[in-house]
Amino acid sequence: MNSATSSAAMRGSNHVGMRQFNERIVLQAIRHHGAIPKADLARLTQLSTQTVAIIVGRLLDDGLLLKQDRVRGKIGQPSVPLSLNPQGAFSVGIQVGRRNLELLVADFCGQPVERLEVHYDYPDPDQLFVSMAEGLQTLKERMGELWQRTVGVGLTAPLSLHKWADIMGGQAAQALARWEHIDLTAEVQRLTHLPVVFAKDTTAACVAELLQGHGRSVRSFLYVFVGTFIGGGLVLSGHIMNGERGNAGAIGSLPVGLASAGSGMPPQLLQKASGWQLEQALLAAGHNPLLKHEAAIMNAEYAELTAPWIAQASQALAMTVASSAAFLDLDAVVMDGSLGAPLMTALMTATQEALKAYRFDGMHQPQLLAGQVGAHARALGGALLPLHSQFFPDKDIFLKQDAA
């Protein structure tokens, strides 16, 4: 690495959290609109041509922007479009789940470039932190000199890992109960010199969909992620809604029935539409529970297990969609998950069919859309958090989508 590159790498990797606001606005304009000349940047950001020129020069020196080929054939001087440099900065997403640990490196454009995954029966804290440390070291070795441009770690996990331990039972319940007294963020921070930020796993997945998926064109949506336990996130008018306690969009806890005397408490959505129920059915039939992630799960030999789960889950999801539409006036409900793509498609189709049984008089029926990010949305969303907190304006003050 030559001295100029080394200098730019140092500037690009020094947790670049103090970048000037106008720099962030310029980066955000390029992220939204793609490669764009300086003159158009000045128009979009409403900054002076001189200010944009100074900022662009600094960002080019820092290795955050790239010059594209000149555009000729138009009136006036040929223009030079500017784009984000994918290798300008990197960030790590760490997703801690009840069945797996995932580590993912995203580049400056938000695209995954490295990924590791560890599966387990349940997240034993002692082993999990060992696996995490090993995973970080492996990613560092794979990235080589580019690791110097890694700016942070976005950590994602269920908001309370110890909750619903009773559903998993046995040794899993004992291991999950230990998480009640563990400060996950502090423990991960001990493993790395990079700054660590935390987000609830389904909120992080929702961030990934907002920034890299349907959120680029859909303003308000409920996000549904079907994993070991189902969960969700909420986007209203282009903004992530966290809620006072981080529970906005916590659809897993939504009751999907009516309470009545003598019938006990109604079940929650997570008890009807989580991957956990299918996993247990597979185990009971002597099959590998990880089949739920594979396309083969839709083979005819598993139909007697998948069909009842799809029917149950889709009915519960349809009720969730109808209820959320009444409260939130949504444009869409976006469904994604860690299950195999054919299984998710079948669940989407069944949910759409089940929605025909609900009346939407007096409210807007939201579109039901398949997520565009996919199974790794939680880890990718985690990786996006440090990038956007350090290089782009806060979501509340993002450049307006209609600025063009």
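R178 is partly exposed in this predicted model, its relative accessibility being 36%. This arginine offers a convenient point of entry, since its side chain takes part in two of the pairings described below. The residue belongs to helix α7, which spans residues 170–178.

The partners of R178 may be taken in turn. With D124, the arginine side chain forms a salt bridge with a nitrogen-to-oxygen distance of 3.2 Å. D124 sits in the loop between β5 (112–119) and α5 (125–143), so that this pair joins distant parts of the chain, 54 residues apart. Like the arginine, D124 falls in the partly exposed class, because its relative accessible area of 24% lies between the 20% limit for buried residues and the 50% limit for exposed ones.

A salt bridge also connects R178 to D126, here with an N to O distance of 3.3 Å. D126 lies in helix α5 and R178 in helix α7, and the pair therefore ties together parts separated by 52 residues in sequence. D126 has a relative accessibility of 52% and so counts as exposed, the threshold for that class being over 50%. The two aspartates thus fall into separate accessibility classes, D124 being partly exposed and D126 exposed.

Side chains of opposite charge can pair when their charged atoms come close. Another instance involves R190 and E187, whose side chains meet in a salt bridge at 2.6 Å from N to O. R190 is exposed, with 62% relative accessible area, whereas E187 is partly exposed, at 29%.

Salt bridges can also be joined into a network. R99, E279 and K292 are linked in this way. Across the whole structure, the salt bridges number 11.

The wider architecture provides the setting for these pairings. The protein contains 14 helices and 12 strands, among them the helices α5 and α7 and the strand β5 already named. Of its 404 residues, 50% are buried. The accessible surface amounts to about 18,600 Å², with carbon and sulfur atoms contributing 51% of that area.

How much of the contact pattern comes from residues 24 or more positions apart? Among contacts with a separation of 6 or more, such residues account for 68%. The salt bridges of R178 also span such separations, with D124 lying 54 residues away and D126 lying 52 residues away in sequence.

How values were computed:
Residues are numbered from 1 along each chain as its sequence is written. This is a predicted model: local features need pLDDT of at least 70, side-chain atom pairs count only at pLDDT 80 or more; totals for chains, interfaces and linings use all residues. Side-chain values use heavy atoms; hydrogens and water are left out. Helices (H or I, at least four residues) and strands (E, at least two) are DSSP runs, numbered from the N terminus. Buried means under 20% relative accessible area, exposed over 50%, partly exposed in between (1.4 Å probe, protein chains only). Contact means heavy atoms within 4.5 Å. Accessible areas come from the Shrake-Rupley method with a 1.4 Å probe; for residues, only the protein chains shown count as cover. A salt bridge is a side-chain nitrogen of Lys or Arg within 4 Å of a carboxyl oxygen of Asp or Glu.
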